[in-house]
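Visitor: Hi, could you walk me through this model? I'm new to this, so plain words please.

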Amino acid sequence: MSKVDYEIYKLQKRVTNGGMNRREFIKAATAMGFVATAPALYSHAAHATPKKGGTYRVGFGGANTGDMLDPADNGDTFMINMNMGGCRNALVEVNANGQAVPELAESLEPSADAKTWVVKLRQGIEFHSGKTFDADDAIASLEHHRGEDSTSDAKSVANSLGNIRKDGQNTLVFELESGNADFPYLLSDYHLLMGSADGSGKVDWASGDGTGSFVVKSFEPGVRAHMVRNPNYFKSGCANFDEVKMTAINDAAARMNAMATGQVDAIVRCDLKTAPMLEKKSGVSVIQVSGTKHFTYPMDVRQAPFNDNNVRMALKHGIDREAFVNTVLRGYGSLGNDHPISSNQNYHAGDLPQRQYDVDKAKWYLKQAGLTGLDVEIAAADAAFNGAVDATQLYSEAAKAAGINIKVNRVSPDGYWNNVWMKVPWSACYWSGRPTADWMFTIGYKAGGNWTDSYWDHARFEELLVAGRAELDEAKRNEIYVEMQTIVSNEGGVVVPCFANNVDAASDALGRPAKLAGNWELDGSRSIERWWFK
Amino acid sequence: MNWASRFGVFVVSAFGFCAIFAPWLAPYGQSQVVGDVWEPLFGEFIFGTDQIGRDMLSMLIYGARNMIALALLTTACAFGLGSLLGFLAATMRGWVDQVLSRFVDIVISIPTLIFALIVLSSTGTSVLALVTVIAIIYAMPVYRIARAVAMDIEVMEFVEAARLRGEGLWWIMRKEILPNALTPLAAEFGLRFCFVFLLISGLSFLGLGLQPPLADWGAMVRGNADGIAWGYMHPLVPATCIALLTIGINLIVDSAVQKASGLRDDQ
Amino acid sequence: MQNSLLRLVLRRLALGVLTLIAISLLITVGVEALSGDVCTAMMGQMASEDKVAACHRALNLDRPVHLRYIEWLVNFAQGDMGKALTNHREVVDVIGNRIGNTFFLAIASALIAIPISLALGIVAALYRNSLFDRSISMITLSGVSVPDFFIAYILMAIFAVSFGIFPAISNVDDTMALSERIVASALPVLTLTLAVSAHMMRMTRASIVSLMASPYIEMAKLKGVKPGRIIVFHALPNAWSPIIQVIMLNLAWLVVGVVIVEVVFVYPGLGALMIDAVFLRDMPIVRATAMIFASVYVILNLLADILSMASNPRLMHPK
């Protein structure tokens, strides 16, 4: 490949990765002398049509020998990809633009107050076992997560679905306790997948029987899974591979090596330290898509010194966000503004000034709190997020300049969420984020919530949360969520230094849609059904 | 002293010197972020910077201080405990031997990392806890070897003679068994010393290890190890330090063994 | 003599059973003492009181720990290892898949490492203080002082990434032919060989050297026996005890201690399984793997003691 060819190839790569639009591409290509051919080159990169065939081999992190096919327990990438993107479907899916669109549902109609939702199901969809999907399956699959005996990770989401009843074999009616304009997003939760119910309204999850693009052939938890194409899949242009072989590779360096040596066609979660080097390798693309994943440092605002908002503001100004993104994320991310709504989400407060590393302001806030210096302890383990101990150490170094002495207490990653997070006054934490502002604020910031890790309670915020949920007027909704973000940023108990991009890698032999979903890694955890071999 | 042991003494004292005078020798603090991530070797920073931009040279120097002390202390404890119990079992035999040996069987058959994980998760990773846990873990194999060696010696004529003379247990262990068991034990000591580094770096694989901001060589290898497949030679620097120190200690041990066993250098 | 040896073996095997019970008790107490249980561990960040309570009911965990332990012990004695608490798979199946892999790795590494290190140790003792001795010593010391995961990464960088001779990950499965399996596990075997050889080689050398000043060796020298003969026929027989111990310790480590190598090479063995199970507080799997490891250790240990005795007749006939 000549140098110019190589440059064009790189540009095309960026288009395919979704990092460049048509105008940018043509501008760049024209600058290189490809005046006449530039538009054609673009369309070549962007409009590759899916072809059938091939065995898709993917390396995943986040696998465990205790994994199971019951989606109630799924929490990490191996199982989410296998279940949601592979053998099963939900009623609603999130598309590449972050919108909730019907999947096994056909349509979702709200009442005027958004309290009652009528969901029509697609007809004639078959499970791998041959059984036809209907309202009974949907109800059994959703009820699985509810009730006193549920241990599902989606228990609170499922409980918020209100009363579920069927209206004929192909229609569900949801009667919510209060209006929720974001209701379709709730049904897109990766736990709320559809399985086939037996006569007693129970689903045998372990069989892996679903409506999904691939049929489970074998599954060895924490090791591997093998699936073959579902010939009757209902989506067109999907389920392109003949077979899918998923391999659990929890060690990040091993995953990178497997990708570099071509033992797999794609990997999830690149090791950020070495991702720039993998990017240089020909035949492999590093794909980054910005999503909702963010790292946080929640403080218990009921306890001194965090009960003083001045101290919280001092600490928010004492972290060097730029350095955080550049060092911990190697640039694969964006600055956080101490609230959990990312810039690619609806209702993001774009006009809220970006909080900077500001030693003087930090000192000023300390003074307001009546302090000249501050000694605080923070607990961190790499269980919180990858590189958390290093990252927190970096925070501690930066804060020193403002007279804030942060002692990093490295704790055991074993049982971190049980022993440390929300138990000690200040710790490191990770949120994968939620597709809507309402959902994220409800789960992580609502007063008295199970996971409100700052134990924060703010009257105005609570008021807005209820108002925003049922508001169907977009402009008013936007206003409400912007105000909420401002309140959380200026008065909340959580430091949000950054949003981390989803960074995966894939062989260039793979074809991908021009725009990739950012809600999860690997095209919204759906590369298995959406991608193909060129 | 031959050239090898001289080299050993030189290496060990050089590291010792670094350890003692670390604050004066190191150009930066051990946790200070001074540059970009993975600045190249032999550039502005002689050994480059690590995965979050700290000066590798400074970390190595402070690491020498933290690690040599830790490794010496734990190895000494492990050997004291292990060989004492091993000799005791070999000389007393009977139920003492059985109880000790079976106990050691139990502890040793729990994978080291799991043992450390279970204990350190409850106690926290303070230096005291680390020393105790590693010393206990490494006392077990030392016990096995000490017992095996002592068993062989215990049946020798001179031990029997001492027993007939009416010498006490302690006297026999100290005067008859210890000197004769020293060679294999010393060889073991030299190796076990570097195993401490290995265990600590293994612990950092599980997310345990020394508390920050203390620099340690094992964690330095671990933190930078993923770069090696991509041409970043940074992890080789702390690895080389561990290897050099191990070689140094072992060369000294070898020559001491040589002397103790009464062999002349020229055979 | 036959009788006394048989008695010893029987007594040790009986004691071995006691050891196994003790270890199951100890590991149960140890893991129970860790905060949290299988329910909180599985739910992680998303745990909440009502869910944990429901999970306890579902898994029968609301009964006291000693009752659960005794129940397990009774079942285990009858050959029923129970089901995993996490995904309810039969423990026999979970472990059955991996036990062969673990032993394959351990045996393959041992078959390479033991002869090499014995031979090198003997040659080093023979030409002690020579350039050969020094360089072997330096090389093995450098090898042993590098953490196993780092050796693994270096081997991966050289053999997989740069030259592409061996695969970077060794996810062996049951359908593989032996030759495929050997290629797939080449790098982990090589890593483990490097990790254990130095230890065995140095102990061989040290044990032989420690005897070289003994009167009977001097005697043999004075008689004009060749140095090689002296070492193999006069020194080695008396040096076996510590060498056997070190070989045994390393063999045990090859079965029990390869957790990190398994994780790095994605090799489905027992060590990684046990770590996962401890993190998840999946007691049936923790106990079952602990039992396997302990049995391996008890048997190796017994073997080592018998071999030590066989090599030293005085031990065989204690007065």
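Guide: Here is a chat about chain A first, then the places where chains meet.

Guide: A quick note before we start: this is a predicted model, where local features need pLDDT of at least 70, side-chain atom pairs count only at pLDDT 80 or more, and totals for chains, interfaces and linings use all residues. Residues are numbered from 1 along each chain as its sequence is written, while chains are lettered from A and ligands numbered from 1 in the order in which they are written.

Visitor: Okay, how many helices and strands are there in chain A?

Guide: Chain A has 19 helices and 21 strands. Those are DSSP runs numbered from the N terminus, with helices being H or I of at least four residues and strands being E of at least two.

Visitor: And what radius of gyration does chain A have?

Guide: Chain A comes out at 24 Å, which agrees with the value near 24 Å for a compact globule with 534 residues. The radius is taken over C-alpha atoms, and the globule rule is 2.2 Å times the number of residues to the power 0.38. The C-alpha trace of chain A spans about 70 × 65 × 45 Å along its principal axes.

Visitor: How much of chain A counts as buried?

Guide: 55% of its 534 residues do. Buried means 20 or more other C-beta atoms within 10 Å of the residue's own, exposed means 12 or fewer, and partly exposed is in between, with C-beta atoms placed from the backbone.

Visitor: Which side chains of strand β5 in chain A are buried?

Guide: In β5 (residues 116-121), A:Trp117, A:Val119 and A:Leu121 point to one face and are buried, while A:Thr116, A:Val118 and A:Lys120 point to the other and are not. In general, side chains in a regular strand alternate between the two faces of the sheet.

Visitor: What does β5 of chain A pair with?

Guide: β5(A) pairs in the antiparallel sense with strand β4 (residues 105-110) over five bridges, and also with strand β7 (residues 171-175), antiparallel over five bridges. Strands count as paired if DSSP finds at least two bridges between them. A:Leu108 stands opposite A:Val119, and A:Thr116 has A:Glu175 in β7(A) as its bridge partner. The hairpin of β4(A) and β5(A) has five residues between the strands, and A:Ala114 takes a positive phi near 60° there.

Visitor: Switching topic: in what order do the four strands of the open sheet in chain A run?

Guide: The order is β14-β18-β13-β17, and the pairing is antiparallel. β14 (333-335) and β17 (429-431) stand at the edges with a single partner strand each, so one side of each is left without a neighbour in the sheet. Inside that sheet, β13 (residues 294-298) and β18 (residues 494-500) of chain A pair over four bridges. The bridge partner of A:Tyr297 in β18(A) is A:Val495.

Visitor: Now the other chains. How many residues of chain C are in contact with chain B?

Guide: 59 residues of chain C are in contact with 51 residues of chain B. Contact means that the C-beta atoms, placed from the backbone, lie within 7 Å. Helix α1 (residues 2-33) of chain C gives the most to the chain C side, with nine residues. By class, that side has 41 nonpolar, 15 polar and three charged residues. Here Ala, Val, Leu, Ile, Met, Phe, Trp, Tyr, Cys and Pro count as nonpolar, Asp, Glu, Lys and Arg as charged, and the others, Gly among them, as polar.

Visitor: What does B:Ala148 touch?

Guide: Not counting residues up to four places away in sequence, B:Ala148 touches C:Ser241, C:Pro242, C:Gln245 and C:Ser308. B:Ala148 sits in helix α6 (residues 127-154) of chain B, and it counts as buried because it has 26 C-beta neighbours inside 10 Å.

Visitor: And how many residues does the contact take from chain A and chain C?

Guide: 37 from chain A and 41 from chain C. The largest share of the chain A side comes from α8(A), with five residues. The chain A side divides into eleven nonpolar, 16 polar and ten charged residues.

Methods: Two residues are in contact if their C-beta atoms, placed from the backbone, lie within 7 Å.
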